[in-house]
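Subject: Structure for your review

Dear colleague,

Please find below the structure that I am handing over to you, together with its sequence. My findings follow directly after it.

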Amino acid sequence: MTNRSAPRRHLATSPFKAPVAAPIKHFAVGDRVSHDRHGLGTVIAVEGQIATLVDFGSQQTRIVSPYKGMDKL
């Protein structure tokens, strides 16, 4: 089996609604965040909309966009 790299496109004649794109998350230096794997942390650097560097106390981790599993508190 092969995985598709791109999602199927929505047809205009389809009776189902088009999938909604998730909003882009924005983080700033000093924001407190919660990550599903790493726990609570503080944003210490932002690389545009590409990645953020987060201090989780015991480690510093670079989280790449789309920031899956990370939410602002």
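I begin with D31, which counts as buried at a relative accessibility of 17%, the cut-off for buried being under 20%. Please bear in mind throughout that this is a predicted model.

D31 forms a salt bridge with K72, and the closest N and O atoms of the two are 3.5 Å apart. This pair links distant parts of the chain, since D31 belongs to the segment before β1 whereas K72 is in strand β5, 41 residues apart. Unlike the buried D31, K72 is partly exposed, with a relative accessibility of 47%.

A search of the whole structure returned three salt bridges. Another of them joins the side chains of K25 and D71, with an N to O distance of 3.1 Å. K25 is located in the segment before β1 (32-35) and D71 in strand β5 (residues 70-72), so this contact ties together parts that are 46 residues apart in sequence. K25 is partly exposed, its relative accessible area being 31%; D71 is likewise partly exposed, at 40%. The segment before β1 and strand β5 are thus the locations of the partners in the K25 and D71 pair and also in the D31 and K72 pair.

The remaining salt bridge is formed by the side chains of E47 and R62, at 2.9 Å from N to O. Here strand β2 (residues 39-47) contributes E47 and strand β4 (residues 60-64) contributes R62; the two residues are 15 apart, and the pair links distant parts of the chain. E47 is partly exposed with a relative accessible area of 36%, and R62 is partly exposed with one of 45%.

I would also draw your attention to the backbone of the loop between β4 and β5, where P66 is found. The peptide bond joining S65 and P66 is cis, with omega at about 25°. Y67 is in this loop too. Although Y67 is not a glycine, its phi is positive, at about 55°. As a general point, most residues other than glycine have a negative phi, and most peptide bonds are trans. Y67 counts as buried, with a relative accessibility of 4%.

When you view the model, I would suggest looking at the three salt bridges and then at the loop that holds P66 and Y67.

With kind regards

Notes
Residues are numbered from 1 along each chain as its sequence is written. This is a predicted model: local features need pLDDT of at least 70, side-chain atom pairs count only at pLDDT 80 or more; totals for chains, interfaces and linings use all residues. Side-chain values use heavy atoms; hydrogens and water are left out. A salt bridge is a side-chain nitrogen of Lys or Arg within 4 Å of a carboxyl oxygen of Asp or Glu. Helices (H or I, at least four residues) and strands (E, at least two) are DSSP runs, numbered from the N terminus. Buried means under 20% relative accessible area, exposed over 50%, partly exposed in between (1.4 Å probe, protein chains only).
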